[in-house]
Amino acid sequence: MNNITDTLLRLVSDFKGSFDGAFNIREDGECAGRQSTEHIQIESKTDAPGIIVRVMPGTKGETVYIPACVTHGNLDDLVYNDFYIGEGANVKIVAGCGVHTDDEQEARHNGIHRFFLDKDSHVLYEEKHIGTGKGTGAKRINPVTDAVLNEGAVMEMDTVQLSGVDSTLRKTTAKLAARARLSVRERIMTDGQEQAKTEFDVVLDGDDSGVDLISRSVARGNSYQEFHSAIKGKTRCTGHSECDAILVDHGTVNALPALEASHVDAELIHEAAIGKIAGEQLMKLRTLGLTEQEAEEKIISGFLK
């Protein structure tokens, strides 16, 4: 494991020299370290690059770390990871990704993650993305998450991308059975010429299933963002989608919500708000001694927290 990988791991997965629990470290398309535990097994896929993670039924309180790092340009990394979460299990999965280049060559990571949650299982899925390096080569991260939640299963997603990624296309699809719940909290900041596109497609297929999608973003410089969310309620269910964005400089945000209800008891809601930082917020902080720039940064930090 090289020094750039060590730095990226500390940024995206709270790495402190080692991981406590099951882990798989991916470095430049190869495995740089792996450990299974008594209740969580990690093995290599035989038909594609990537891993299979199996969490035994009833497993509680364990964490799985699966960070991926691209440490130089001229690399296009593609990985397929599958997660099988046993009935009644309750685990945390940390899946950070960092890309780095110091030259004019592009560095790219494409992570395709599929989740299969058995009855009454619970997953907290954390994903941090970052781009680093002084090179002019583009830094690209394109994550795909596909989740199948069986009866009573719960999945919480906390995704963050705040720095250095030139281009990202983030796709999340999910299908929920009865009483299953999906909660997503997304935070994105772009600057310069960076572009970020988010796509959600969720099907509520079982009675009393529910989804809550919340995206908060800041578009600075000349950056561009798109937010697409589609919630399809096919039975008695609840769905909520929310996009809040702050524009700074010449940033652009395009929000395109879609709701499809095909059952009389499907309750679906979408909210969207795009605009600049309110003048009264800046004024209030400036009266406390902050400069305009310091006040702006304080507001943005709180907004994306």
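In the predicted model, Leu 182 touches residues from several parts of the sequence, namely Leu 149, Met 155, Met 157, Ala 174, Leu 176, Val 202, Gly 210, Val 211 and Asp 212, when residues up to four places away in sequence are not counted. Leu 182 belongs to the largest nonpolar core, which holds 40 residues, and together with Ile 93 and Met 155 it touches the most other members of that core. Apart from this core lies another, of twelve residues, which includes Val 218, Ile 246, Ala 295 and Ile 299. In soluble globular proteins, nonpolar side chains tend to be buried together.

Ala 295 and Ile 299 are also among the buried residues of helix 3, which further include Glu 296, Ile 300, Phe 303 and Leu 304. Viewed down the axis of helix 3, these buried residues fall within an arc of 155 degrees, so they line one face of the helix. An α-helix has 3.6 residues a turn, so residues three or four places apart point the same way. The buried residues of helix 3 pack against strand 13 (154-163), strand 15 (181-190), strand 17 (209-219) and strand 19 (237-247), as well as against helix 2 (279-286). Helix 3 itself comprises 13 residues (292-304), and the distance from its first C-alpha to its last is 19 Å, close to the 18 Å expected at 1.5 Å a residue.

His 109 is located in strand 10 (residues 107-117) and is buried, with a relative accessible area of 5%. With residues up to four places away in sequence again left out, His 109 touches Ala 68, Val 70, Asp 77, Val 79, Cys 97, Val 99, Arg 140, Ile 141 and Asn 142.

A search of the whole structure for disulfides finds zero. For Cys 31, which is in no disulfide, the nearest cysteine sulfur is that of Cys 69, at 12 Å, whereas a pair of cysteine sulfur atoms would have to lie within 2.5 Å to be counted. Cys 31 is partly exposed, with a relative accessible area of 45%. Cys 97, one of the contacts of His 109, is likewise in no disulfide, and the nearest cysteine sulfur, that of Cys 69, is 7.1 Å away. Cys 97 is buried, with a relative accessible area of 3%.

Towards the start of the numbering, strand 1 (residues 22-27) and strand 2 (residues 30-35) pair in the antiparallel sense over five bridges, with Asn 24 having Arg 34 of strand 2 as its bridge partner. The two strands form a hairpin with two residues between them, and Asp 28 in the turn has a positive phi of about 50 degrees.

Methods
Residues are numbered from 1 along each chain as its sequence is written. This is a predicted model: local features need pLDDT of at least 70, side-chain atom pairs count only at pLDDT 80 or more; totals for chains, interfaces and linings use all residues. Side-chain values use heavy atoms; hydrogens and water are left out. Helices (H or I, at least four residues) and strands (E, at least two) are DSSP runs, numbered from the N terminus. The expected span of a helix is 1.5 Å times one less than its number of residues. Buried means under 20% relative accessible area, exposed over 50%, partly exposed in between (1.4 Å probe, protein chains only). The arc is that of the directions from the helix axis to the C-beta atoms. Contact means heavy atoms within 4.5 Å. Two strands pair if DSSP finds at least two bridges between them. A nonpolar core is a set of buried Ala, Val, Leu, Ile, Met, Phe, Trp, Tyr and Cys residues joined through side-chain atoms within 4.5 Å.
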